[in-house]
Structure formats: C-alpha cells, structure tokens
Amino acid sequence: MEGSEGDVTVSLVNHRVDLPEEPDADLQNEESFQHGDKTSYNNVPEPDLGFESLDYDPIFNLVFENSRKDLQSRQLYGYTGLTLAKWSITILIGILVGLVAYLIEMCQEFLLTRKKELTQRIMVNGLMLSFIGFASFSVLLVLVACCLVLFWAPSAGGGGVTLVMAYLNGTDIPEFFQFKTLVTKIIGSICTISSGLMLGQEGPMVHIGAAIASLMTWIHGALPTRKKTQPSHLRRCCKPWQAKALPFDLYSDKDRREFISAGTAAGLAAAFGAPIGGVLYSLEEASSFWSRKVMWRSLICCTFATMVLALVNSWEFSTSLPGSMSFREVQPVFIVRDLPLFLVTSALTSILGVVINSAHAWLAHMRPSSSYKVLRIIEACFVTLISVTVMFVLPLCFGQCMEVPAQKTPSGSTMDRHYWFRYTCPAPNTTAGVHYYNDLATLFFSLPRQNMQELYGMHGDAETEFSIRSLGIHSLSALVLFILAYGIATPGGVFMPAMLVGASFGGFLGRIFQRLLPSAHVQPGLHALVGTAAMLGGFLRASISLVVITVEGFGGVDFILPLIVAIVVSNWVAYHFHDAGAYEADLERIDLMSSNVVCFHEVVTVAEVLKVLQTRRHNGFPVLRHTHSDTSNGGGKFVGLILRHQLLLLLEERAFVEIDPQVLLHTQKYAWENNFSTNMQFLDHAMRIYHHFHYPHHRYLSSRPEALADLGVDEIVGAVNSSNSKPGNVSDDINTTADAPKKVLALDLRPFMNRAPITVRRECSAQRVYIIFRTLGLRHLCVTDSHNKVIGIITRKDIAMAQKQGRLSKDKRFQHW
Ligand code: ATP
Ligand code: MG
C-alpha cells in the first residue's frame, strides 16, 4: 500500500476538477495536485451578494427514501390529513388576503376622500393654507411609511412583485416573508397611496398575498405535535429529515412555493376584483413553476379572496363591487371600425411605457443607495412635496371649471358626490342645481379607480367631463410624477399609476381624434381603456392575464377585441424599443459554467470538510466516486450532490466514523461497493438525527465561514487532531505514522447526498440550461462529460451574470443577485 499513500493525500485535499481547456491535466501532473492544496483554493473572496437560493429540487437520498417507507406505514387507512390541511390553508389564505385588501382599500378611500374634503373646506381661508395642510399631511404619511421600511423591515420597500417572482424562481430573500415585513407593507402601502404619491396598492397586494401564504404555512407548522423551536423559513435546511417526523410536510421550499404562488394570485385577484385574472397573472408572470395542482390551489385561493372582499364590501356600501378596479357601470359601445384608431392609441401609449422603463433605469443610478437612510427619507419627502405642488399648481393654472354632468349630481352614489372636486371654481348654484368642478384638480385629487371609471365613461360628441388640455397635462405630469415616485423607499406598486397614466393619455388621444375626425364618432372612453391596456403591455409586458383582468373588471367580453389589439401592439412596440436583438446570442453555445469545481469523495475526512467549508462559500458540492477503471486523481464519477447545510448538520451532529486511513483510501479509491453495506450504520445515525431535530438552524443557512464557529468546530478539530499526532496536517500524519495506524474522523456522505441531481452535458446550449434552471427552480446544475465526470457547475448566479452581460434573454426572476 506504500505507493498509494500519495493518493491518501489527494483524498484529503480539495479536489480540483480539470479545467475544460485541459481535460487531462490531472493525469499528467499528479505532483501539482498532491501539493497543491494550499494553492488550489481560489482565494479570491466571493462577493457577498446577500441572497442565497432555495432548494426546490427534491433531495433523493437514502434517508428520504427510508423515511418515506416509514411514513407510509403510519398512515391511517392511507390517509394522512395532508390534503385536508393544505386545502384549509389555501382557503384561509384567500380569506385573509381578501380582508387585508379590504382594509387597504377602505383606508385609502377614507383618507383620500377626507383629505379632498378638508382641502376644499380649508380653501375658504386661503389656498396657501390648504396647500400647507395637505402637503404636511402627505409628507407625514410618507415619513411614517419610509421610516418603517428603512428602520424596521427594509424588504418591504417598493412594490415587491419582482422579489416575489425571484422567490418563486428560487432566490431566498432574507426577511421577505416575515411578519414584520407584512405589517410594514400593509401600513406602508396605506400611507403611501393615501399621501397622493403616484403609487398603487396592487404590487404590494401581490407581496402581501405571498407573505400571508408563507406565514400560513408557518403557523400550520407550529401547530401540530412538533416542537415550536425553529421558524419555518429556517426549517428548510432539514428537509430530507423532516419528511419522516411530520406527516404534514409543508415546510419544504417546494410546498411553500405552491402556497406562495396561490397567495400571489389571490393578492392580485383581490386588488383588481378579478379571480381568474389573478390566477393567470401568477401563471404568466410570477410563478416559474406551474402545475394543475397549483392552478387549482390558486383558483380556490383567488375565489375566496374576491368573495370575502365582495362580502365585506356589500356590508359597507351596497353599490360597491369587489376589488379596486370594477368599472361595471361603464357601458360604451365598441364598433369594429374604431380598430385602426386603437392601433394608433396603443402604439403611442406603449411608447410612454417604454419611456417609463428607460427613465426608471436611468434614475436608478442617481437615487441614493439604501444605506444612506437619511438621504432616502429626504428623497421620498422631496418627491412627495413635488407631487403635492404639481397637484395644486397645475389645476390652478390650467384647470377648467366645468359643470358636473347633470345625471351625476343630484343624489348620485356616494362616490359621485365625493368625486367632483370644486377646487377654486365658483360655489354651486343651488337654485339651478348646478355644481362646478375643476377638471384637472379632480383628476389629481381623486382615487385612481374613480378617475379611470370616469375616463372610461367619456363619450358624447361634446367635450364634457375633461378638456383636452387637462387630459394632456394630466397624463404627462402624472407620468413624470410616477417616474419620480417609482423607486423611492416606501412600499407602493406600479400597476395602478401606470394604468391611470395610460387611461388619461388614451382619453387625451381619443379626444384629439374626436376633434380631428368629427365624422368618425370616436368614443374617447374606449381609447382610455385601450390606453390602459397598452400602457401595461408596453411597460410591464404582460399579456393574457392583463386582458382577463381588465375584462373581469368590466364584467363583460364586449371589449376583448380592442384590448387584445392594445396588448399585442404595445408588446410589439416595446419589444422593438427594448430588446430587439437581445436573444440572438442565445443560439450560440455559451460557457456559463464555473470550472474548478470543489468536490468531495463519498467518504471524506472531517478535516477536509472543515477546510472546504471554511474557505469556500459554495452551497453545493458534487460527490465523486472512483472505480477500478478510474486512474485519474482529480475526477471520479459523479454520483451525487451534497449541500452545505447537510454538511453542517452532520458536523454538528458529529455523525462521524473513525476510519483507518488505509481503509479510507480504499473506500475512496476502489472498493466502494464492498464497503457499502457496512456503512448503512450511518443511515441509522441519520434517522436518529432526524428525530431530534430542534436547533436554531439559521446558521446553516449562511454560507459564511463564521457560521461554522457556532458548531464547535474547534472541538471537532481538536478531536481530529487528537487522533492524529500532528495538528492541522492530516496528510503528513498519515505518512509519518504508517507503522502505528491512527484512525481519522470521516464523514460518509452516501446516505445523505442527493443521488439524483439534475446534470447537463457540456454541449447543452445556454438557453436550454436557462430553461432547465427556470422551470425546475434549480440551485446547482452540474455539468458532466461523456464519462460522467464533473467538468463544471452552474448556479443561479452564473445565469444572472450571463443575463446581466446580455448573453442570455433577460428575466426579472434572475434580477435579484
Ligand atoms: P446559492 O448562493 O445560490 O445558494 P451557491 O453558493 O452554491 O448557491 P453561488 O453562490 O451561486 O452558489 O456560486 C458562486 C459561484 O461559484 C458561481 O459562479 C458558481 O458557478 C460557483 N460554484 C458554485 N459551487 C461551486 C463548487 N462546488 N465548486 C466551484 N465553484 C462553484
Ligand atoms: Mg452563494
């Protein structure tokens, strides 16, 4: 065995797998491999990007398989109650989302309406005074939202839709679904949208729905007979073991993803009063993974959310309809000959959408980073002040006083009475029953939903309701205010403001067409509707879900044709402005992968594991096996994947085996099959760990080397050293004490490693890799050659990088890295 001692060394150091450029390098320079352990670690510190990935890919290891057998034997006539539990949770999520949507909606309506009334009342004492009152109240609201976000729950800022998408695609965002984030999001959204900023609650509702879903799975997990020690988002690290202890396994990333998909759908459904639109949105935009089951879950969840919303709404105002976008009273007539003009409206409006995107990207560089909290607060207050100033000054200079349309004045619905805003116009002439309003002020001060309802209702040949000038000024100034507000620290979404800008601009175009082509009987209301859809298409690039949301809002399919035209045209226009040519590169074969993969043998010494974990931050390591025919040192056959948290757990549990270095070598090098049965003792060990699973696991989730400190690493190292004479250098030890063989501590990874990870061959195209990654929600994808040797590894970060460099089609889901 003398000659193979060198190989022991090899087994104890990090295994660098050959570079793709020089596939046989390891065969030639064994020397460099043996002594290269100090240098083979690429000591360039990996950037701390703050995000890690989720494990959506199931881990098929022996522990899991055994626990499945055990689980089956424990079922009560084949029934575990899991299905019932899941459906109850789904319904509960729907109900809660509906209630929260109602709360936000009511608060917004109450605050905005009261503010409008108060402004009008104070105006008697001077315009300046009402401006100061309005502005200070708005700034106060924004301050509350801003401080909550910046000092308490930073991940509650913004709309949150892209982060939900990123989560559903497999990026774990710290604190994103915690209770404090949810609370901040709810309060912050109410404050933000009530302040008069051009932001809406639909984006936040998506985040809120997802967070409620996530918290529900957690509450459920806390209820059954289990110990309540670890919060659910920490539990995921122990998935392979959990399947046995719990018949209700809702804590795995995979199960939570289902609920979060449903919660996302419910959030949007409640915001728009569009259950099917919500499901389609989740399918089309948010979720990377979709199945019939998720579809059903989402549909039920959405239905309950909308139903609850409708129910509580009907207690309050009998006329109101569920959701913030319900325009069912509006009934313009659609005629096919209008279609050519709709094309023009769609194209022009979608250009505004492109403008928003470009301006947002440009402004993002100028905004202070979130580490400068004070600057962020000043920015938000500044934007609020600008918005309020614009709201007051523009109507004063350009607004027109008009008569409230007769059929809407007398004792119209609650909404109508509150809608028309007099501002500086003459007092109502009560004897003649004439009320006046400032059209521009009305557009600025009212709820976006009411504005859109009125805009869609625009018809007739005369210029009633809103003048051309006011519509033009409103759409452009709202666009600027929206761009300014889109990106400040407070919670707030982009759907509703974009829709409002689109509606107002579409209405503006409609009025122009009406004037230019008097004989065409243009209905500006329909152009407003087309503008809304085109704006969303051009700006957010959504398609079918958008049509359905709008159609559900209208309660009829009469307008489906113009809407589809708008969506198609706007997507097409935006495509030509934004990403024409970006996909060409996808056809080429691109090397996304990292070579120099850090791998482990099936049986590894503790010292080696420690060393790798201390020096590298990777979360997944391929496991290799050498066979008789395998003469190379660097790469054995790829047999599995072990995750960092599993290694940490094994270390903490001291799931070690004392093994003779020679046996270890033998195991690693040749005789794997023979040793296998004896190593089943580790499986028992795994089972034991599995039953006593109650530690604070957050440290497992951090790939930082410091996370190891809490595990009592010193103690482990001490144990290793005490079994070897020379501390810190196991290989020397083996060489020098060959006559009195000491045992080394080793870990057997075989029962724990994922034995069925997804791999690709190097010839696979980058676009295909991207599709595999996205649809399966992968974390690590090993690249193997025709001999099943690992030649590279691809992670989410590699894909995100390639997208950033424009080598792959862009996807918001991979944006957050
Ligand atoms: P995540 O951070 O998503 O939870 P991870 O930490 O395993 O997963 P990344 O942080 O994405 O992986 O990896 C950063 C870089 O390191 C990527 O370029 C990736 O290809 C590379 N990499 C990942 N795992 C290994 C490994 N075992 N050996 C060598 N390089 C790796
Ligand atoms: Mg990482």
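Me: What share of the contacts in the protein chain with a separation of 6 or more comes from residues 24 or more positions apart?

Reply: Such pairs account for 79% of them, a contact being heavy atoms within 4.5 Å. The model is predicted: local features need pLDDT of at least 70, side-chain atom pairs count only at pLDDT 80 or more, and totals for chains, interfaces and linings use all residues. Residues are numbered from 1 along each chain as its sequence is written, chains are lettered from A and ligands numbered from 1 in the order in which they are written, and side-chain values use heavy atoms, with hydrogens and water left out.

Me: How many helices and strands does the protein chain have?

Reply: There are 35 helices and 14 strands. Both are DSSP runs numbered from the N terminus, a helix being H or I over at least four residues and a strand being E over at least two.

Me: Why is alanine 135 called buried?

Reply: Buried means under 20% relative accessible area, exposed over 50%, and partly exposed in between, with a 1.4 Å probe and protein chains only. Alanine 135 has 6% relative accessibility, so it counts as buried. Of the 817 residues of the protein chain, 60% fall in this class.

Me: Where is alanine 135, and which residues does it touch?

Reply: Alanine 135 sits in helix 7, residues 127–151. Leaving out residues up to four places away in sequence, alanine 135 touches Leu385 and Val388. The C-alpha atoms of alanine 135 and isoleucine 386 are 9.4 Å apart, while 251 residues separate the two in sequence.

Me: What makes the span of helix 7 agree with expectation?

Reply: The expected span is 1.5 Å times one less than the number of residues. For the 25 residues of helix 7 this gives 36 Å, and the end C-alpha atoms are 35 Å apart, so the two agree.

Me: Which elements do the buried residues of helix 7 pack against?

Reply: They pack against helix 6 (82–122), helix 9, helix 17 (373–398) and helix 19 (439–445). Among the buried residues of helix 7 are Phe131, Phe134, Leu141 and Cys146.

Me: Why is helix 9 described as largely enclosed by the rest of the structure?

Reply: In helix 9, 12 of the 16 residues are buried, so the description holds. Those buried include Leu182, Lys185, Ile190 and Cys191. Helix 9 covers residues 179–194 and reaches 23 Å from its first C-alpha to its last, close to the expected 22 Å. Just after helix 9, glycine 196 takes a positive phi of about 100°.

Me: How do you know that threonine 264 belongs in its accessibility class?

Reply: Its relative accessibility is 0%, so threonine 264 counts as buried. Threonine 264 lies in helix 13, residues 253–272. Its side chain reaches the backbone oxygen of isoleucine 260 at 2.6 Å. Beyond neighbours within four places in sequence, the contacts of threonine 264 include Val164, Leu168, Val206 and Ser282.

Me: What makes the phi of tyrosine 423 and that of asparagine 596 worth a remark?

Reply: Most residues other than glycine have a negative phi. Tyrosine 423 has a positive phi of about 55°, and asparagine 596 also has a positive phi of about 55°. Tyrosine 423 is in the loop between helix 18 (414–419) and strand 5 (436–438). Asparagine 596 is in the loop between helix 25 (560–578) and strand 6 (598–601).

Me: Which accessibility class does each of these two fall into, and why?

Reply: Tyrosine 423 is at 2% and so counts as buried. Asparagine 596 has a relative accessible area of 29% and is therefore partly exposed.

Me: How many residues surround ligand 1?

Reply: The count is 18, with Ser53, Ser594, Thr795, Lys797 and Asp798 the closest. A residue is near a molecule if one of its heavy atoms lies within 4 Å of it. Strand 2 (52–53), strand 8 (620–625), strand 14 (790–795) and helix 35 (796–804) each give at least two residues to this shell.

Me: Which polar contacts does ligand 1 make with aspartate 798 and asparagine 619?

Reply: A polar contact with the ligand is a pair of N or O atoms within 3.5 Å. A side-chain N or O atom of aspartate 798 is 2.5 Å from an oxygen atom of ligand 1. A backbone N or O atom of asparagine 619 lies 2.7 Å from a ligand 1 oxygen. The protein covers 92% of the 600 Å² of accessible area that ligand 1 has on its own, by the Shrake-Rupley method with a 1.4 Å probe.

Technical notes: Polar contact = N/O pair within 3.5 Å; in protein donor to acceptor, adjacent residues only side chain to side chain.
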